[in-house]
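This briefing covers one sheet, the helix that lies across it, and the nonpolar cores. The topics are taken in that order below.

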Amino acid sequence: MATKSLSVYLLKQDVTSDIEALKPDRLDIRTHDVSAGETQGTIFVQVQDARVPQWLSLLGPHMDPSADDRTMSSNAVFVLQAAGRRFALTFGSGWTMLDARRYERRFGLRVALNSLDPSLLRGAQARTFGESVMHTQRQLSRQARIDALEVDWQRELVTALEGTTRDDVVGKRLRGHDAARVTAEVNANTLATLCASMLDRSRQTGYRHEFPHIDDIEEITDPEEIKALDSRLATRVGQRRWAGIDVYPPELVSNDIVDFSVTRRGRETIVDEPTTNTLLSLVITSVTDPERVRRVLDSAMLVARNDDKQPVQEWSLWTCLYHEMTLGHERVILDGGVWYRIKKTLADQVDRFITTLTPSGLSLPDAVPNESEGEYNLAVAADLPTVALLDRQNIKLEGRSAIEPCDLFTNQRAIIHVKKRKGGSGPLSHLIGQAVVSAELLKGNADFRTAFREKLAKAKPGFENLVSETIDAGDYPIILALITNSGVPGQVAEDLPFFTKVFLWRNVERLRTMGFTVHLDEIRTGVTLTGRPARERKARLHTLKQAVPKATVS
């Protein structure tokens with residue numbers, strides 16, 4: 001037997017013939033039967049035309065002697081049966097021939113979890129949830145345990161794992177994703193046995209001991225399941241059952257944005273803020289059929305505009321939908337156009353944390369509709385003698401990026417970070433990230449505290465005395481304040497998207513460990529400051545802006 005590297009896919013149970021594994025639009029495929037002992041199946045070969053390689057088109061005219069080398073490659077998929085199931089082995093770029101609807105997702109990952117030696121891992125691929133989904137590929141210089149890969153189980157979805165196996169049942173080295181990419185001693189006769197062993201390993205549950213959090217967050221990738229979930233949500237939208245559905249940009253929105261527009265079929269409608277009722281009412285009028293609702297939401301665009309009324313960012317309304325639903329004992333979530341399955345134990349932990357995140361009781365003033373967080377901060381500091389304005393007053397320490405200590409600071413030492421909710425996880429991720437860095441420096445860096453006092457002395461003389469040479473974190477409550485007009489008053493924490501709650505959970509616990517108390521406050525918009533009071537505040541803000549210096553860095 002020879003050492004070979006193979007990519008093995010597990011086909012779904014409803015695949016009843018070998019040819020069904022391939023894309024429907026297959027062209028120029030040659031078919032061959034394969035029979036080698038217990039290995040029985042069909043190999044599909046796609047031969048490509050000979051072509052000039054890129055290096056020859058670049059350097060060929062300048063070569064002496066000249067060359068006319070051409071390359072020919074062939075892709076192949078071998079479909080075989082073992083242990084009552086069909087498997088597809090791909091060669092070359094044979095994976096491009098497969099119909100993605102026909103194979104089981106995460107099969108290779110499950111094989112890897114039950115086969116790899118947990119002390120001999122080499123790398124991992126993951127998706128991190130924050131302002132946007134970040135894809136990471138990590139590879140260690142030497143084999144080590146999972147801890148060395150620094151996986152954040154509360155925020156990351158592990159999609160692939162690779163390393164050395166604990167035995168030779170499925171080969172020596174293995175990388176598991178959708179396919180199981182294995183290096184093993186094989187020949188044609190043993191392929192069926194190898195596939196049967198992989199199927200057995202994929203069904204085991206022993207991995208939960210070494211990787212207890214691997215199933216906490218799972219991206220739903222099965223096309224049929226996604227189609228069913230899409231239809232279920234589209235049905236709710238078509239029936240105007242909008243409870244539990246939110247609409248917002250799926251990424252962090254620039255502070256330059258002043259309003260939004262919804263465009264469809266060349267028609268543009270301006271909206272102040274993206275809210276569920278406003279946006280869906282504009283595009284879902286007489287539409288009720290789920291498939292048509294889905295098409296409408298795909299074609300309608302949410303456009304973010306700056307103060308020159310120029311478009312800056314845009315997204316389809318479908319990718320702006322956020323929805324959570326409970327199916328049996330699981331919670332599924334649509335966020336940024338992707339469905340996720342959340343394990344009940346994780347969802348329960350997050351829900352319990354949210355109950356501990358209470359408002360500060362500070363009773364922050366309402367905001368004016370369309371008011372930015374910068375304008376809000378300026379107005380509050382001007383109106384209240386108990387509040388100092390530190391918005392955009394960045395502190396620069398040697399070897400670090402500039403950090404804003406906070407937006408507002410009160411005479412009771414409350415550190416207030418303000419953000420307007422214009423998106424999903426993005427705004428609050430930015431807010432809590434800033435709060436954590438500022439708190440760490442306030443507690444542990446004397447130079448930062450000195451610069452903090454200097455900023456306070458300029459903003460509101462006398463306030464510098466509120467920051468001591470050494471501090472007790474318990475004396476400085478941290479308030480995360482969201483400007484929002486959606487949801488039920490007093491329930492801003494409960495109404496946050498799930499992955500925002502996860503991010504909050506991790507970082508608030510970090511701040512609490514340092515000794516800080518943390519509150520989440522809601523700043524309502526358009527509740528009391530409307531009509532003439534709003535116009536007067538706008539006029540006053542214009543005057544205030546002329547007197548306030550631009551952001552400074554020290």
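Five bridges connect strand 13 (residues 257-264) with strand 14, and the two strands run antiparallel. The model is a predicted one. Strands 13 and 14 belong to an open sheet of four strands, and a nonpolar core of 58 residues is the largest in the model.

**Sheet**
- The strand order is 14-13-15-16, with antiparallel pairing.
- Strand 14 (267-271) and strand 16 (311-316) are the edge strands, each pairing on one side only.
- From one strand to the next, the twist averages 25°.
- Ser-261 stands opposite Ile-270, a residue of strand 14.

**Helix across the sheet**
- Helix 7 (residues 290-299) lies across strand 13, strand 15 (301-306) and strand 16.
- The helix runs at about 135° to strand 13.

**Nonpolar cores**
- In soluble globular proteins, nonpolar side chains tend to be buried together.
- Within the largest core, the residues with the most contacts are Ile-342, Phe-409, Phe-452, Leu-480, Phe-498, Leu-504 and Leu-511.
- Two or more residues of this core come from each of strand 19 (338-342), helix 9 (344-356), helix 11 (425-444), helix 12 (446-459), strand 24 (478-484), helix 13 (498-513) and strand 25 (518-524).
- Leaving out residues up to four places away in sequence, Ile-342 touches Asp-216, Ile-217, Glu-330, Arg-331, Ile-333, Ala-347, Phe-498 and Phe-499.
- Another core, of 39 residues, lies apart from the largest one and includes Phe-87, Ala-124, Leu-149 and Val-151.

Methods
Residues numbered from 1 in each chain as written. Predicted model: local features only at pLDDT ≥ 70, side-chain atom pairs only at ≥ 80, totals over all residues. Heavy atoms only, no water. Pairing = 2+ DSSP bridges. Axes fitted to C-alpha atoms, helices over the stretch in contact; angles between N-to-C directions. Contact = heavy atoms within 4.5 Å. Core = buried A, V, L, I, M, F, W, Y, C linked by side-chain atoms within 4.5 Å. Buried < 20%, exposed > 50% of the residue type's maximum accessible area, 1.4 Å probe, protein only.
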